[in-house]
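Visitor: Please take one part of this model and look at it closely, then set it against the rest of the chain. I would rather have one connected account than a list.

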Amino acid sequence: MDISDIYKFCPVCGKKALKIVGKNKIACTDCGHEIYINPTIGGAALVFDDEGRLLVVKRSKEPAKGSWDLPGGFVEVRETVEEGIIREVREELNIEVEPQEYLFSIPNHYVYKNLERYPLDFFFKCKIKDMSQLKVDESENSAYTFLSPSEIKYQDFGLSSIQQTIKRYFKQ
Ligand SMILES: [Zn+2]
C-alpha cells in the first residue's frame, strides 16, 4: 500500500483532507500542509578482515529475517552517511570501522508494517580499526561471520539492494 492509502488525516490540522498532488507529494487541501515522499537514507558497510573475508550479519528482524545482510542501517538527522555507518556498525557489532571508499548507491524497496518503503542505500568499503570487542547485538542480528569470496552467494542475502551489491561487487 502507498502512503496516500495509509495516511488518512492531516498531521497538522487533523482534517481528512489529504490529496495526492504529484508523483512524490501529498498535501492537505484544508491547511496546505505538504508531505514529501522522499527516500530514507541507509548506509551499509563492506567490511573486510586481513584475510580478505567479508563480515556479514544474520538478520533477526523483518524484512528478510534470517537472511545474511551487511552491517549498517539508517542515517540519522545531521549525520553524514559515513558517520551513520560507523555508528551502526558499532551498535550492531561493537567494533570500530573506518569507511575508506564510496562504492555506489542502490535504491531499495520493501513493505514494512503495511507500508511501501523506499530506502536509498549507500555502500562503503570499510577497514576494521578495532574488533577486539566484537560481539553481535542480538536485538538487531542473530549471528555474524566472515565469508571468503568463494563462500559468498548473492542468493543468501535477503534484501534486494544487498543482493545487487553482492552481485556487483563480487561480479556474480
Ligand atoms: Zn491540514
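Guide: Start at the end of a helix: asparagine 94, just after α2, takes a positive phi of about 60°. The model is a predicted one, and helix α2, residues 81-93, has the highest mean pLDDT among the elements of the chain, at 97. The lowest mean, 71, belongs to helix α1, residues 3-6. For the protein chain as a whole the mean pLDDT is 93, with 98% of residues at 70 or more.

The length of α2 can be checked by simple arithmetic. The helix has 13 residues, and a rise of 1.5 Å a residue gives an expected span of 18 Å; the C-alpha atoms at its ends are 18 Å apart, so the model agrees with the expectation.

Next comes the burial pattern. Buried positions in α2 are Val81, Gly84, Ile85, Ile86, Glu88, Val89, Glu92 and Leu93. The list includes two glutamates, Glu88 and Glu92, alongside residues such as Val89 and Leu93. An α-helix has 3.6 residues a turn, so residues three or four places apart point the same way. Val81, Gly84 and Glu88 can be read with that spacing in mind, as can Ile85, Val89 and Leu93. The cover over these buried residues comes from several strands, including β4 (40-48), β5 (54-59) and β7 (72-74). Also among the covering elements are β8 (96-107), β11 (119-130) and β12 (141-147).

Helix α3, residues 160-169, makes a useful companion. Its buried residues are Ser161, Ile162, Gln163, Thr165 and Ile166. They pack against β4, β6 (68-69), β8 and β11. Strands β4, β8 and β11 therefore appear in the surroundings of the buried residues of α2 and of α3, by the 7 Å C-beta contact criterion. A positive phi follows this helix too: lysine 171, after α3, has one near 55°.

In the domain assignment, domain 1 covers 3-36 and domain 2 covers 40-169. The C-alpha centres of domain 1 and domain 2 are 34 Å apart.

The N-terminal part of the chain holds a small antiparallel arrangement that can be followed strand by strand. Strand β1 (residues 18-22) runs antiparallel to β2 (residues 25-28), and four bridges join them. Leucine 18 has cysteine 28 of β2 as its bridge partner, while lysine 19 is matched with alanine 27. The hairpin that links β1 to β2 passes through two residues. From β2 the pairing goes on to β3 (residues 34-36), again antiparallel, over three bridges; isoleucine 26 is bridged there to isoleucine 35. Five residues lie between β2 and β3 in this hairpin, and glycine 32 in the turn has a positive phi of about 90°.

Together these strands make an open sheet in the order β1-β2-β3. β1 and β3 stand at the edges with a single partner strand each, so one side of each has no neighbour in the sheet. The twist from one strand to the next averages 30°.

As for the whole, the protein chain has three helices and 12 strands, and its C-alpha trace spans about 60 × 30 × 30 Å along the principal axes. Of its 172 residues, 27% count as buried. Among contacts between residues at least 6 apart in sequence, 58% join residues at least 24 apart.

Definitions and conventions: Residues are numbered from 1 along each chain as its sequence is written. This is a predicted model: local features need pLDDT of at least 70, side-chain atom pairs count only at pLDDT 80 or more; totals for chains, interfaces and linings use all residues. Domain bounds come from an automatic or database domain assignment. Two strands pair if DSSP finds at least two bridges between them. Axes are lines fitted to C-alpha atoms, for helices over the stretch in contact, and angles run from 0 to 180 degrees between N-to-C directions. pLDDT is the predictor's confidence in each residue, from 0 to 100. The expected span of a helix is 1.5 Å times one less than its number of residues. A residue is buried if 20 or more other C-beta atoms lie within 10 Å of its own, exposed if 12 or fewer, and partly exposed in between; C-beta atoms are placed from the backbone. Two residues are in contact if their C-beta atoms, placed from the backbone, lie within 7 Å.
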